[in-house]
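Please read the points below with the sequence and the model open side by side. Each point takes one part of the chain and can be checked on screen.

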Amino acid sequence: MADDNSMSGRSSSSEDEDQPTSVRTKIKKEPCQLKARKFSVTFENFRDLPAVKNRGVQSSKFACFGHDWRLQLFPGGYSDYPTPPKGAVGVCVERSNQTGKWPNVKFLFELRSSDGNISLQTSGDPSSYKCYSNTSNICALTTRPDIKHRFLDDKRALTISVVLEINEFV
């Protein structure tokens, strides 16, 4: 099932560990530029994920630039500053290992419809990433109804592509 370019696993919600939300994710490494790496992270059964504000679910880990990363998805929206658009589903990248130097990395998120025609891209402000923080800024994707209407595949899965572009190690 998994080869050198793909991984799958089961993760749980990032909050309220008394009632974890199990989510199955698949990760596929895709071709990209020299200083960048692109991964497609598929959250299976997106429609069944909790629509609770600030309750995130995490993808399986993937390795890039000597670090372990994962996506954190907020299917029910999130609170942040500045205030996100009402009902916006949020996503961020989390460095899951605490060791080593923090790489100076920019993140770009992309949603594409199952037919490949509709695309949505968003990225955070890399100047606000802190060396002591292991999480990028949360980026607003679009609303949950919009995702359900335009971006889910026939198996109700949501695939988010993330491009990590390295500038330098700091």
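1. Start with R144 and F46. The charged end of R144 sits over the ring of F46, at 4.9 Å from the ring centre. Bear in mind from the outset that this is a predicted model.

2. Next, the overall layout. The chain has one helix and 11 strands. Read from the N terminus, the order of elements is β-β-β-β-β-β-β-β-β-β-α-β. Of the 170 residues, 46% count as buried. The accessible surface is about 9100 Å², and 46% of this surface belongs to carbon and sulfur atoms.

3. Contacts across the sequence deserve a separate point. Among contacts in the chain with a separation of 6 or more, 63% are between residues 24 or more positions apart. One pair of residues to look at is I27 and S161, which are 134 residues apart in sequence, with their C-alpha atoms 9.4 Å apart in space. I27 lies in strand β2, which covers residues 23-30. The relative accessible area of I27 is 2%, so this residue is buried.

4. How many of the residues of strand β7 are buried? Eight of the eight residues in this strand, which spans residues 88-95, are buried. In a regular strand, side chains alternate between the two faces of the sheet. In β7, A88, G90, C92 and E94 point one way, while V89, V91, V93 and R95 point the other way. Both sets are buried.

5. The neighbours of β7 come next. Strands β6 and β7 run antiparallel and are joined by six bridges. Across this pairing, W69 stands opposite R95 of β7. Strand β7 also pairs with strand β10 (residues 139-143), again in the antiparallel sense, over three bridges. Here G90 has A140 of β10 as its bridge partner.

6. A search of the whole structure gives three aromatic pairs. In one of them, the ring centres of W69 and F107 are 5.8 Å apart and the ring planes are at 70°, so the pair is edge-to-face. W69 belongs to strand β6 and F107 to strand β8 (residues 103-112), and the pair links distant parts of the chain, 38 residues apart. W69 has 0% relative accessibility and therefore counts as buried. F107, at 4%, also counts as buried. Another pair is F74 with Y78: the ring centres are 6.3 Å apart and the planes are at 45°, so this pair is tilted. Both F74 and Y78 are buried.

7. The same kind of search finds seven salt bridges in the whole structure. One of them joins the side chains of K26 and E44, at 3.5 Å from N to O. K26 is in strand β2 and E44 is in the loop between β3 and β4, so the salt bridge ties together parts that are 18 residues apart in sequence. K26 has a relative accessibility of 39%, so it counts as partly exposed. K26 and E44 also belong to a network of salt bridges that includes R24.

8. A further salt bridge connects E94 and R70, with the closest N and O atoms 2.6 Å apart. E94 lies in strand β7 and R70 in strand β6, so this pair ties together parts 24 residues apart in sequence. Are these two residues buried or exposed? E94 is buried, because its relative accessible area is 14% and the cut-off for buried is under 20%. R70, with a relative accessible area of 17%, is buried as well.

9. The salt bridge between the side chains of E110 and R112 has an N to O distance of 3.4 Å. Its two ends fall into separate classes of accessibility. E110 is buried, with a relative accessible area of 9%, whereas R112 is partly exposed, at 38%.

10. Finally, check the backbone at two loop residues. N45 has a phi near 55°, which is a positive value in a residue other than glycine. N45 is placed in the loop between β3 (36-43) and β4 (57-58), and it counts as partly exposed at 34% relative accessibility. F65 is not a glycine either, yet its phi is positive, at about 55°. F65 lies in the loop between β5 (62-64) and β6 (67-74). At 17% relative accessibility, F65 counts as buried.

Technical notes. Residues are numbered from 1 along each chain as its sequence is written. This is a predicted model: local features need pLDDT of at least 70, side-chain atom pairs count only at pLDDT 80 or more; totals for chains, interfaces and linings use all residues. Side-chain values use heavy atoms; hydrogens and water are left out. Helices (H or I, at least four residues) and strands (E, at least two) are DSSP runs, numbered from the N terminus. Buried means under 20% relative accessible area, exposed over 50%, partly exposed in between (1.4 Å probe, protein chains only). Rings of Phe, Tyr and Trp (its six-membered ring) pair if their centres lie within 6.5 Å; planes under 30 degrees apart count as stacked, over 60 as edge-to-face and the rest as tilted. A charge sits over a ring if NZ of Lys or CZ of Arg is within 6 Å of the ring centre and within 35 degrees of the ring normal. Two strands pair if DSSP finds at least two bridges between them. Contact means heavy atoms within 4.5 Å. Accessible areas come from the Shrake-Rupley method with a 1.4 Å probe; for residues, only the protein chains shown count as cover. A salt bridge is a side-chain nitrogen of Lys or Arg within 4 Å of a carboxyl oxygen of Asp or Glu.
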